[in-house]
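Me: Hi! Could you help me look over this model before I go back to the bench?
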Amino acid sequence: MGVFGAGITAGAAAYLINRLLLNFLGPPVLVLLVPVWEEAAKTLAAHFWQAGLVETHLLFGLCEACSDLRQGGRGRVAALLSLLGHGLFGTATYLALSLTGSLLSGLAAGTFLHSGWNGLIVGLWGRNRRG
């Protein structure tokens, strides 16, 4: 129950907050704020629910993938990238936490990787949309 509770809690909270951030601040939040918020939501939810860190990140990625599939078009690719990406961020968070014993270090590692990933994806998506 812990992984399910953590993943669903983080996924629902991120969905709501991300929509608000995007509506009020626009696309730059995808690289600047969303990674910070999502990594904190997933990692702290896993900690609170005493759930596996990587598993929580993967379930979160599955929630995001389901949302991506509803978009049509490139939704399948986006869904696969969501699942793989969040698994990668969870692994980075887990490794940094394991190596340092610091939750903050784990969050920093996952957030740094997530921000770079989002920057790459937003850049590629924007370039492909322009031509």
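Me: How many disulfides does the structure hold?
Reply: The structure holds 0 disulfides, meaning pairs of cysteine sulfur atoms within 2.5 Å. Bear in mind that this is a predicted model: local features need pLDDT of at least 70, side-chain atom pairs count only at pLDDT 80 or more, and totals for chains, interfaces and linings use all residues. Residues are numbered from 1 along each chain as its sequence is written, and side-chain values use heavy atoms, with hydrogens and water left out.

Me: Why is there no bond for C63?
Reply: The closest cysteine sulfur, in C66, is 6.7 Å from the sulfur of C63, so that is too far for a bond.

Me: And is C63 buried or exposed?
Reply: C63 is partly exposed, with a relative accessible area of 28%. Buried is under 20%, exposed over 50% and partly exposed in between, using a 1.4 Å probe on protein chains only. C66 is partly exposed too, at 45%.

Me: Switching topic, how many aromatic pairs does a search of the whole structure find?
Reply: It finds 2, where ring centres of Phe, Tyr and Trp (its six-membered ring) lie within 6.5 Å; planes under 30 degrees apart are stacked, over 60 edge-to-face, the rest tilted. F48 and W49 are edge-to-face, 6.1 Å centre to centre with 85 degrees between the planes.

Me: What about F89 and W117?
Reply: They are edge-to-face as well, at 6.1 Å and 80 degrees. F89 is buried at 1% relative accessible area, while W117 is partly exposed at 25%.
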